[in-house]
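Please open the structure in your viewer and keep the selection panel at hand. The stops below say what to select next and what is to be found there.

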Amino acid sequence: MKTYEMIEKFLTKKDSKLTAEETALLKQNYWLKALWLKSNIDDINIERFDTIDSINPHATLEYVYRTLKVLEAEAPNLNSLEYTILNDVLCYSEVAKGGTPQMRKKWQQNHFSIAIHNFGSADIYRSLNQDRFKPNYLRYVSTLIATHGMIGQYLRGETSLKSSEPLIGLSFPDVDHEKVVKILNKCIIKGVSEELYESLEAEINTTIETLLIRNYNRLKKLRAAAIRNGENFDKEYHEFIETYPECIASLNCFLNRYDFWYIEAATNDFKLDTTLKLFVYIQRAIGNKPITDISFKNMMSFYCDYHGKKVINVFKERVIEKLLTEYDISSDAPLKNNFVELVFDYSDDSIDYNILNLKWQFTPISEKFIDFCIAAIGQGALYDKVITMACDHFGIRRDKYDRFYNEYEYLQTMNSTTHLKKILVDYVTGDTIVDVGPGGGGLMDAILERFPSKKVMGIDVSENVIEKLQKVKTLYSKKWDVLQGNALELEKTFKEGEFDTIIFCSILHELYSYIPYDGKNFNYDTLRTVFCSVYHLLPKGGRLIIRDGIMTESNEDRKIRFKNPADMEILKRYANDFKGRKITFEAICEDTVQMPINDAMEFLYTYTWGEESYAHEINEQFGYFTPKQYIDFVTECFEGNCKVIDSKHFLQSGYSEHLLEKIEFLDAKTNVSVNLPDSTFILVIEKN
């Protein structure tokens with residue numbers, strides 16, 4: 001039975017008896033019960049009530065009936081969820097006008113605002129349905145109830161448009177918010193008079209369009225630089241509003257009231273949700289002070305020099321990011337922690353303006369410590385230690401492979417070698433492919449370029465990498481998806497049989513080097529955990545594709561002759577700093593050493609990257625298996641239920657060229673120049 005038909009049964013009722021069906025309808029529909037019962041009837045009990053001699057339908061119920069009839073005519077323009085929402089809104093919008101004295105007394109005791117029926121009706125709706133619907137649905141419907149009719153009152157001059165501002169930013173999945181608001185107003189005003197609606201229709205719709213996009217568009221303009229860098233503004237904005245609906249009013253007020261100076265430059269390096277938290281906090285802190293302009297100029301003071309370029313001071317950025325992320329937006333506490341606070345400077349700079357200046361103020365010791373961190377950039381192992389100290393001191397996040405200042409360059413480098421990795425695409429099988437540690441996304445692009453209909457996903461433990469890839473996806477409309485997850489716990493991210501091919505491209509040596517197992521890094525059990533997990537998740541016929549570093553099967557010695565004898569000190573430092581295994585060498589003369597071939601190559605992998613990457617490369621062991629050991633190890637993890645589709649090894653291009661000006665690589669016995677051994681292994685395993 002349609003809702004309007006339910007009302008019709010009562011409005012057209014001729015006898016004085018309630019049928020069992022009608023009694024049940026009143027019991028099941030509180031809004032109908034409240035609107036049907038005359039407010040001058042005292043102490044009536046619906047359970048014992050079976051006659052309506054002295055009860056007549058209220059004009060309010062007739063009005064609700066008319067609004068629902070309009071809704072029914074609009075049903076073809078709505079999906080089922082939108083129709084249900086509007087039906088709920090129209091049923092409850094007038095409920096606070098009804099009720100017996102006993103019911104109204106109870107509403108007052110519950111502090112429902114029945115003097116203003118919009119708010120009271122929203123209160124009643126929430127109280128009756130809080131255990132029935134999820135909070136986001138309750139919030140959406142009750143906001144529509146609380147603001148219903150306000151647009152019409154605004155057009156009549158009875159209220160300001162501010163009364164309708166809670167509608168700004170309001171959203172619900174699979175609902176066209178603008179359409180819902182327009183049709184709601186159509187129902188409300190047509191319920192009063194069709195002629196009235198026809199005379200106001202254009203003005204109503206224009207007002208709604210202007211209202212809903214005004215602050216949204218201003219905010220989107222403020223985030224222009226972030227959006228150009230790949231921020232998914234629409235998605236992230238609506239997620240914030242869904243998470244913090246109580247902030248809508250403060251955020252709208254912030255965007256409505258002030259002129260901003262330098263705001264984009266001061267905030268676009270922060271994520272959208274933390275930026276919106278900042279805006280809400282500023283508005284609440286200002287309160288009713290007569291501020292007209294807000295200057296963010298002094299909040300731009302956290303830049304530093306990096307390779308002659310002005311870049312964001314990552315240490316300060318992450319301390320502030322942590323403060324904003326952890327801040328309880330519902331609290332009245334100041335925005336500060338032990339390291340930094342947001343400082344307000346109110347000043348009247350002229351007779352016409354009241355200006356608020358804002359700045360991030362770090363404690364003196366924090367400023368000095370961060371200066372030390374910046375000075376250590378590029379200082380090899382020292383910088384890595386400084387990063388660790390900073391993360392411990394400030395409690396800021398550092399992902400396992402976080403490179404702080406050269407992270408962008410690192411991802412670019414990863415993408416620049418994609419052409420070397422495209423050979424892996426030849427081995428892909430099935431419809432769903434997972435790339436573990438996708439770097440800059442280049443391999444995922446290559447897979448989709450060859451197989452555009454396949455589902456390609458990247459998984460990475462690094463929050464920073466995932467954030468950057470999500471921006472790339474948004475910016476360039478990539479078809480792949482990315483997930484944050486741990487390669488050692490794939491079963492927490494994927495279900496058995498969910499993917500057909502899983503690729504580990506230049507990532508396993510990082511897992512082996514960085515991820516401790518039983519408290520120990522460089523532990524083969526780390527790799528065992530990964531491969532056993534892959535085995536259990538892969539379907540029969542599914543493939544594991546590996547591209548990573550190897551050791552050569554040879555145990556021979558080689559000589560390294562440094563063209564710059566001073567670089568012997570780099571080898572000495574490396575042998576001392578490297579923790580993967582013991583590196584041995586024998587100095588032959590001031591510029592030449594003799595050492596085992598695999599130790600020599602392990603050193604050259606790091607030496608090739610240069611001093612700036614030393615702090616990171618020193619922590620990584622690139623060669624940890626010979627080809628035979630690799631095949632045997634993976635086969636054991638697959639319990640022998642697999643076959644080798646392909647295995648090959650080669651020297652990755654670039655090593656010989658990069659080292660040509662730095663060293664000579666010699667046979668230890670003949671002192672004749674020899675080629676570098678193979679560096680890279682490709683292994684393709686298929687599950688039986």
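Select Lys2, which at 35% relative accessibility counts as partly exposed, a label for values between the limits of under 20% relative accessible area for buried and over 50% for exposed (1.4 Å probe, protein chains only). Add Glu72, whose side chain meets that of Lys2 in a salt bridge at 3.6 Å, N to O; the term stands for a side-chain nitrogen of Lys or Arg within 4 Å of a carboxyl oxygen of Asp or Glu. The two residues are 70 residues apart and link distant parts of the chain, with Glu72 in helix α4 (residues 59-74) and Lys2 in the segment before α1 (3-11). Glu72 is also partly exposed, at 23% relative accessibility. Helices (H or I, at least four residues) and strands (E, at least two) are DSSP runs, numbered from the N terminus.

Before going on, note that this is a predicted model, in which local features need pLDDT of at least 70 and side-chain atom pairs count only at pLDDT 80 or more, while totals for chains, interfaces and linings use all residues. Residues are numbered from 1 along each chain as its sequence is written, and side-chain values use heavy atoms, with hydrogens and water left out.

The whole structure holds 32 salt bridges. For another of them, select Asp234 and Lys220, whose side chains meet at 3.4 Å, N to O; this pair joins helix α13 (residues 233-243), which holds Asp234, to helix α11 (residues 194-222), which holds Lys220, across 14 residues. Asp234 is partly exposed at 35%, and Lys220 is partly exposed at 32%. Then select Glu178, Lys182 and Glu209, which are linked in a network of salt bridges.

Is Asp599 buried or exposed? Asp599 is buried, with a relative accessible area of 6%, and forms a salt bridge with Arg581, the closest N and O atoms being 3.2 Å apart. Here Asp599 belongs to helix α27 (residues 597-609), whereas Arg581 sits in the loop between α26 and β13, 18 residues apart.

From that loop, move to the open sheet, where 4 strands follow the order β13-β14-β12-β16 with antiparallel pairing; two strands pair if DSSP finds at least two bridges between them. The edges are β13 (586-589) and β16 (663-667), each of which pairs on one side only. From one strand to the next the twist averages 30°. Between β13 and β14 (residues 592-596) there are 3 bridges, and Cys589 has Thr592 in β14 as its bridge partner. Now show helix α26 (residues 568-577), which lies across β12 (557-562), β13 and β14 (contact is heavy atoms within 4.5 Å) and runs at about 30° to β14; the axes are lines fitted to C-alpha atoms, for helices over the stretch in contact, and angles run from 0 to 180 degrees between N-to-C directions.

Next, select strand β6 (residues 355-362), in which 6 of the 8 residues are buried. Strand β2 (residues 293-295) pairs with β6 in the parallel sense over 3 bridges, and Ser295 stands opposite Asn357 in β6.

Two loop residues deserve a look at their backbone angles. Phe522, in the loop between α24 (508-514) and α25 (524-537), has a positive phi of about 55° although it is not a glycine, and counts as buried at 14% relative accessibility. Asn671, in the loop between β16 and β17 (680-687), has a positive phi near 60° and is partly exposed at 41%.
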